[in-house]
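Q: Could you take me through one helix up close, including what surrounds it and what it packs against? Please spell out the cut-offs as you go.

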There are 2 protein chains.
Amino acid sequence: MTSERSGERRGLVIVNTGNGKGKTTAALGVLLRSWGQGLKICMLQFIKTKTSNYGENRAARKLGIEMVPLGAGFTWLSKDIEHDKALAREGWELAKTRLSDAAYDIVILDELTYLLAYGWLPVEEVLAALRDRPPGMHVVITGRNAPQELVDDADLVTEMREVKHPYRQGIRAQRGLEF
Amino acid sequence: MTSERSGERRGLVIVNTGNGKGKTTAALGVLLRSWGQGLKICMLQFIKTKTSNYGENRAARKLGIEMVPLGAGFTWLSKDIEHDKALAREGWELAKTRLSDAAYDIVILDELTYLLAYGWLPVEEVLAALRDRPPGMHVVITGRNAPQELVDDADLVTEMREVKHPYRQGIRAQRGLEF
């Protein structure tokens, strides 16, 4: 809310974790703000299926923002773990090209933490790519169960904590709010 | 992430509170998703100054989304409390017209909780407007210190909890991330 009077940009690693809502949604808010500021941004979605057509995918297409669904859906529903692991690796290779490209102001790695939690991607490999990125680049990583090593290396970490959740009462996810 | 197969829309009251980042930013994510879904949405910003030109204000103008900064800036910096109170009341009157207008799918009341916390607006008046709104309308309310009565009446409440914050280390707010 303060303005960037200093002019200097320090690239931050931001982690949105916790069991509550708003992790991906807040990353989408960053996307909107950045687009409004004319910054170059991309969002790689590690869990969303390649055929995703949620509100954010539609919006990104209309705005010309690079948003790439990389995943095979909810992996815990998948019948083929090896396929999911290969997809995860493929997604991470794309992420590395973005993380090393100084043309990007902000790179969002949505739901990356699940790949770490499942052991499909070594956390050291992610930390190395973050350390080696161009200095002004912001990176936003979302997902539950962010590993402690990532939290230790991050600049800004927020836990979205569920206080009250309507889907416990049988209410379905709502268009515009969650997809 | 599940789809809205039931077809029925149940309007939810959503509260993003807590001392961490992401309360307003997640509301902006809802705004982006809703726009992508072709829904009618507005965002009233109770604290942002009327001359605000943050990334979200620029984006909203470009997208034709109604985003109205109503406030006098950070009220705790204001020299004229009566002026701020009058602005708050004026903003709330506009909010009531939106909350009673069935044309809106989603109404975002950004940083409304501060008006309640300062005692400028009775919480009962807000709860009454929420109860009387069109049944399918979603309302998103953000800000620290959401009063317990609001939490009790809300459907979905998330606490954004600060785990680690770089501004404690003297790093300024960054363009695209926070404004």
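A: Let's start with helix α1 (residues 23-36) of chain A. At 1.5 Å a residue, its 14 residues should span 20 Å, and the end C-alpha atoms sit 20 Å apart, so the two agree. The expected span here is 1.5 Å times one less than the number of residues. Helices (H or I, at least four residues) and strands (E, at least two) are DSSP runs, numbered from the N terminus.

Some housekeeping: this is a predicted model, where local features need pLDDT of at least 70 and side-chain atom pairs count only at pLDDT 80 or more, while totals for chains, interfaces and linings use all residues. Residues are numbered from 1 along each chain as its sequence is written, and chains are lettered from A and ligands numbered from 1 in the order in which they are written.

Is the helix covered or open? α1(A) is mostly covered, with 14 of its 14 residues buried. Buried means 20 or more other C-beta atoms within 10 Å of the residue's own, exposed means 12 or fewer, and partly exposed is in between, with C-beta atoms placed from the backbone. For context, buried residues make up 49% of the 179 residues in chain A. After the helix comes A:Gly38, which has a positive phi near 75°.

As for the rest of the chain, chain A has 6 helices and 6 strands, and from the N terminus on they run β-α-β-α-β-α-β-α-α-β-α-β. Among the chain A contacts with a separation of 6 or more, 77% are between residues 24 or more positions apart. Contact means that the C-beta atoms of two residues, placed from the backbone, lie within 7 Å.

Now for the partners. The axes of α1(A) and helix α1 (residues 23-36) of chain B come within 6 Å and cross at roughly 75°. Axes are lines fitted to C-alpha atoms, for helices over the stretch in contact, with angles from 0 to 180 degrees between N-to-C directions. α1(A) and α1(B) are therefore roughly perpendicular to each other; that label covers 65 to 115 degrees, with under 35 roughly parallel, over 145 roughly antiparallel and the rest oblique. The residues that meet include A:Ala26, A:Gly29 and A:Arg33 in α1(A), and B:Ala26, B:Gly29 and B:Arg33 in α1(B). By class, that contact has 12 nonpolar, 4 polar and 2 charged residues. Nonpolar covers Ala, Val, Leu, Ile, Met, Phe, Trp, Tyr, Cys and Pro, charged covers Asp, Glu, Lys and Arg, and the others, Gly among them, are polar.

Zooming in on one residue of that crossing, B:Ala26 lies in helix α1 of chain B. B:Ala26 is buried, with 29 other C-beta atoms within 10 Å. Setting aside neighbours within four places in sequence, B:Ala26 is in contact with A:Gly22, A:Thr25, A:Ala26, A:Gly29 and B:Asn16. B:Asn16 is 10 residues away from B:Ala26 along the chain, and their C-alpha atoms are separated by 8.1 Å.

α1(A) has another partner across the interface: the axes of α1(A) and α2(B) come within 7 Å and cross at roughly 75°. That makes α1(A) roughly perpendicular to α2(B). The contact is made by A:Leu32, A:Arg33, A:Ser34, A:Trp35 and A:Gly36 on one side and B:Gly55, B:Glu56, B:Arg58 and B:Ala59 on the other. By class these divide into 3 nonpolar, 3 polar and 3 charged. Then there is helix α2 (residues 55-63) of chain A, which packs with α1(B) at about 75°, their axes 7 Å apart.

How do the chains relate? A rotation of 180° with 0.0 Å of shift along its axis superposes chain B on chain A (RMSD 0.0 Å); the fit is least squares on the C-alpha atoms of residues with pLDDT of at least 70 in both copies. That is the relation of a two-fold axis. Also, 100% of the interface residues of chain B are interface residues in chain A too, so the copies meet through the same surface.

Overall, the contact takes 56 residues from chain B and 57 residues from chain A. On the chain B side, the elements giving two or more residues are α1, α2 (55-63) and β6 (156-164). Of these, α1(B) gives the most, with 12 residues.
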